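Q: I'd like a close look at one part of this protein, the charged pairs, and then how they connect to the elements around them. Could you walk me through it slowly, as you would at the bench?

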Amino acid sequence: MTSLQDKAAEVAHAYAPHEHRPLGGYLAAMGAFGALAASLTAAAKVTGRPVPERPALGDVALLSIATHKLSRLIAKDSVTSPLRAPFTRYSEPAGAAELNEEVRDSGSSVKHGIGELITCPFCLALWIATGLTGGLVLVPRLTRLVATALTATAASDFLQMAYSIAKEKAE
């Protein structure tokens with residue numbers, strides 16, 4: 001009789017016979033995301049907070065830009081590299097205070113999965129959008145305030161880049 005661990009290893013090898021894929025880490029991440037979503041849902045029910053049938057378009061725009069900024073800040077910013085350091089290795093600068101990093105392959109599929117998650121702004125965006133959306137239901141004033149600061153920072157980033165481009169063209 002094969003153990004569950006043996007069966008999981010067999011499935012992982014059949015899935016990617018020539019490459020290590022941290023399927024166990026991905027399962028752990030999916031479980032953690034499910035727990036986050038379930039916790040937000042339970043908190044909304046327990047507190048009696050009404051869930052909007054349709055979020056306001058302004059909130060969707062605000063959270064979209066805030067999600068973009070926070071996901072890039074966590075995944076790429078130089079200052080947040082200590083958060084990623086246990087799971088990644090520095091590769092090179094990526095311009096405009098951003099870094100390229102490689103995921104450490106330490107033999108732990110969970111560590112590897114976390115490394116992939118926290119270095120990918122696209123991957124993080126789902127988690128951040130879920131958290132901000134939950135925040136909009138549970139603590140709307142604070143969430144809008146935080147999202148406004150992140151949105152203003154994102155707008156400032158684009159203006160800084162536009163200024164640099166315009167300055168280069170003028171010279």
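A: Happily! Let's begin with Arg 144, which is partly exposed because its relative accessible area is 34%. Please keep in mind throughout that this is a predicted model.

What does the side chain of Arg 144 meet? It forms a salt bridge with Asp 59, with 2.8 Å from N to O. The two partners come from distant parts of the chain: Arg 144 sits in helix 7, Asp 59 sits in helix 3 (residues 57-76), and their positions lie 85 residues apart in the numbering. Asp 59 has a relative accessibility of 11%, and buried means under 20%, so Asp 59 counts as buried. This salt bridge therefore joins a partly exposed arginine to a buried aspartate.

Side chains of opposite charge can pair when their charged atoms come close. In this model there are five salt bridges, and two others are worth a visit.

One of them is formed by Glu 101 and Arg 84, whose closest N and O atoms are 2.4 Å apart. This pair, too, links distant parts of the chain, with Glu 101 in strand 2 and Arg 84 in helix 4, 17 residues apart. Are these two partners buried or exposed? Both Glu 101 and Arg 84 are buried. For Arg 84 the relative accessibility is 1%, under the 20% limit, which means it is classed as buried.

Let's stay with Arg 84 a little longer. Its element, helix 4, spans residues 81-84. Besides the salt bridge to Glu 101, a polar atom of the Arg 84 side chain lies 2.6 Å from the backbone oxygen of Ile 74. If you click on Arg 84 in the viewer, look for both neighbours: the carboxylate of Glu 101 and the backbone oxygen of Ile 74.

Now follow Glu 101 the other way, into its strand. Strand 2 covers residues 98-103 and runs antiparallel to strand 1 (residues 88-95), with six bridges joining the two. Which residue is the bridge partner of Glu 101? That is Tyr 90. Another bridge in this pairing matches Pro 93 with Leu 99 of strand 2. The two strands make a hairpin with two residues between them, and there Ala 96 adopts a positive phi near 45°. In a regular strand the side chains alternate between the two faces of the sheet.

Another salt bridge is a more local affair. Glu 10 pairs with Lys 7, and their closest N and O atoms are 3.5 Å apart. Both residues belong to helix 1 (residues 4-15) and are three residues apart, about one turn of the helix. Glu 10 is partly exposed because its relative accessibility is 47%, and Lys 7 is partly exposed too, with a relative accessible area of 42%.

Let's return to helix 7, where we began with Arg 144. This helix runs over residues 140-170 and also holds Val 146. At 39% relative accessible area, Val 146 is partly exposed. Together with Val 139, Leu 142 and Leu 145, Val 146 makes up a nonpolar patch on the surface, with about 360 Å² of accessible area in total. Lys 167 is also in helix 7, and its relative accessible area of 45% makes it partly exposed. The C-alpha atoms of Lys 167 and Leu 99, which are 68 residues apart along the chain, are separated by 24 Å.

For contrast, here is a contact between rings. The structure holds one aromatic pair. The rings are those of Phe 33 and Trp 127, with centres 5.4 Å apart and planes at 70°, so the pair is edge-to-face. Like the Arg 144 and Asp 59 bridge, this pair links distant parts of the chain, from Phe 33 in helix 2 to Trp 127 in helix 6 (residues 121-138), 94 residues apart. Trp 127 is partly exposed, at 23% relative accessibility.

Terms used. Residues numbered from 1 in each chain as written. Predicted model: local features only at pLDDT ≥ 70, side-chain atom pairs only at ≥ 80, totals over all residues. Heavy atoms only, no water. Phe/Tyr/Trp six-rings, centres within 6.5 Å; stacked < 30°, edge-to-face > 60°. Helix = DSSP H or I, 4+ residues; strand = E, 2+ residues; numbered from the N terminus. Buried < 20%, exposed > 50% of the residue type's maximum accessible area, 1.4 Å probe, protein only. Pairing = 2+ DSSP bridges. Patch = residues over 30% accessible without salt bridge, like charges linked within 9 Å, V, L, I, M, F, W, Y side chains within 5 Å. Areas by Shrake-Rupley, 256 points an atom, 1.4 Å probe, with all protein chains shown as cover. Salt bridge = Lys/Arg side-chain N within 4 Å of Asp/Glu carboxyl O. Polar contact = N/O pair within 3.5 Å; in protein donor to acceptor, adjacent residues only side chain to side chain.
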